[in-house]
Amino acid sequence: MTESVQKRREMLASTPLFSAIPPTLLDELAVKAKSVKVDAREVLFSKGDPGDRLYLVAKGLIRIGVLSVEGREVTYGMIKPGELFGEIAVLDGGVRSADATAMEASELLALERKDVNAFLQRHPIQALHLLTVLCDRVRRADDLLEDVVFLSLPSRLAKHLLMLKSTLGSQTQAKGPSTIRLSQQEVADHLGISRESVNKVLSKWEQAGIVTLGRGQITLNKTQALDDFASPP
C-alpha cells in the first residue's frame, strides 16, 4: 500500500460514515478517493446539480446552504476537517439539495457515486452504518426548522454565533474572548435575515459587553450570556 492510499484510508476512517468499516475493506474506497483543491469562495456544487460525488474535508471549511426566495443566503452548516458532505444525493441518486461553497482555501477527498455504490453492493451490511449518519442529518434539519419556527431572533443569532465560534473562532487564551472573522452581513446571510436586524441585536449586546464589533469581525466576550440567549427557559 502506498503512503498516499494509507493516508486517505486514515482520513476516511476518522469520519462517522466510515469509522466502523474494517481497514481491509476501507482500502477499497481509499484507492478510489481523489484529491480536490478549491479556492476561497469557490462554489463546489449548487442546489439542483447532479449528486455524483461525496466529499471529506481534509483542510479548510465548507459552507452548506441555499438562497432564499428573496435572494438571501441561509446556512445549513459549516463542514470542518474530518467531516463529510454531499452524501445524501450520492446515496439516493437525486440532485443536490443545497449549495456547497468554500469559506477558505480547502483540500478535499472525493468519492464517486459509482465507487460508493459498488462498495455497498459488495458489502451490503456496511449500508447499515450509513443510516446512522443520514438520521443525524435529518435530526439536524429538524433542529434548524425548529429554530426558525420557535426561537426569537436573539436566540437564533446567539446559537449561530456559538456554532461559528466552534468552527471559525480564534482565541488568544483558552477561555478568553473568541473572534469570528465574518462581517455582520455574512452572519445575516447565514440566517437568511437582514443585516439591519442583526446589527440591532449585536449593538445592544456590544453595549452590554457581550460582544465587540469590528470591521469584518465579531468578538465574543461573554459566552455564558450567549448560551443563556441560545437556550431560553
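Trainee: Which residues of H7 are buried?
Mentor: In this predicted model, helix H7 covers residues 184-191 and is mostly covered, with 6 of its 8 residues buried. A residue counts as buried when its relative accessible area is under 20%. The residues of H7 that meet this cut-off are Gln184, Val187, Ala188, Asp189, His190 and Leu191.

Trainee: Against which strands and helices do the buried residues of H7 pack?
Mentor: The helices among these partners are H6, which runs over residues 153-168, and H8, which runs over residues 195-207. The strands are S4 (62-67), S5 (73-79), S11 (211-214) and S12 (217-220). Taken together, the buried residues of H7 pack against S4, S5, H6, H8, S11 and S12.

Trainee: Which residue just after H7 takes a positive phi, and of about what value?
Mentor: H7 occupies residues 184-191, and the residue in question follows just after the helix. That residue is Gly192, with a positive phi of about 70°.

Trainee: Is Ser194 buried or exposed, and with which side chain does its own side chain make a polar contact?
Mentor: Ser194 is found in the loop between H7 and H8, and its relative accessible area of 18% lies under the 20% cut-off, so Ser194 counts as buried. Leaving aside residues up to four places away in sequence, Ser194 touches Arg72 and Ala188. Its side chain is joined by a polar contact of 2.8 Å to the side chain of Ser197.

Trainee: How are H6 and H8 oriented to each other?
Mentor: The axes of the two helices come within 10 Å and cross at roughly 80°. Angles from 65 to 115 degrees count as roughly perpendicular, and H6 and H8 are therefore roughly perpendicular to each other.

Trainee: Which residues make that contact, and how do they divide into nonpolar, polar and charged?
Mentor: On the H6 side the contact is made by Leu153, Pro154, Leu157, Ala158 and Leu161, and on the H8 side by Ser197, Val198, Val201, Leu202 and Trp205. The residues of this contact divide into 9 nonpolar, 1 polar and no charged.

Trainee: What span should the 16 residues of H6 have, and how far apart are its end C-alpha atoms?
Mentor: At 1.5 Å a residue, H6 should span 22 Å. This agrees with the model, in which the end C-alpha atoms of H6 are separated by 21 Å.

Trainee: Where is Pro232 placed, and what separates its C-alpha atom from that of Ser152?
Mentor: Pro232 lies in the segment after helix H9 (223-230) and, at 43% relative accessibility, counts as partly exposed. Not counting residues up to four places away in sequence, Pro232 touches Leu151 and Ser155, and Ser155 is one of the buried residues of H6. Although Pro232 and Ser152 are 80 residues apart along the chain, their C-alpha atoms are separated by 9.3 Å.

Trainee: With which side chain does the side chain of His123 make a polar contact?
Mentor: His123 lies in the loop between helix H4 (113-122) and helix H5 (127-150), and at 17% relative accessibility it counts as buried. Residues up to four places away in sequence aside, His123 touches Leu25 and Glu28. The polar contact, at 3.1 Å, is with the side chain of Glu28.

Trainee: What is the phi of Arg41?
Mentor: Arg41 is found in the loop between strand S1 (34-38) and strand S2 (43-45), where, at 48% relative accessibility, Arg41 counts as partly exposed. Although Arg41 is not a glycine, its phi is positive, at about 75°.

Note on methods
Residues numbered from 1 in each chain as written. Heavy atoms only, no water. Axes fitted to C-alpha atoms, helices over the stretch in contact; angles between N-to-C directions. Helix = DSSP H or I, 4+ residues; strand = E, 2+ residues; numbered from the N terminus. Parallel < 35°, antiparallel > 145°, perpendicular 65-115°, else oblique. Contact = heavy atoms within 4.5 Å. Nonpolar A, V, L, I, M, F, W, Y, C, P; charged D, E, K, R; others polar. Buried < 20%, exposed > 50% of the residue type's maximum accessible area, 1.4 Å probe, protein only. Polar contact = N/O pair within 3.5 Å; in protein donor to acceptor, adjacent residues only side chain to side chain. Expected span 1.5 Å × (residues − 1).
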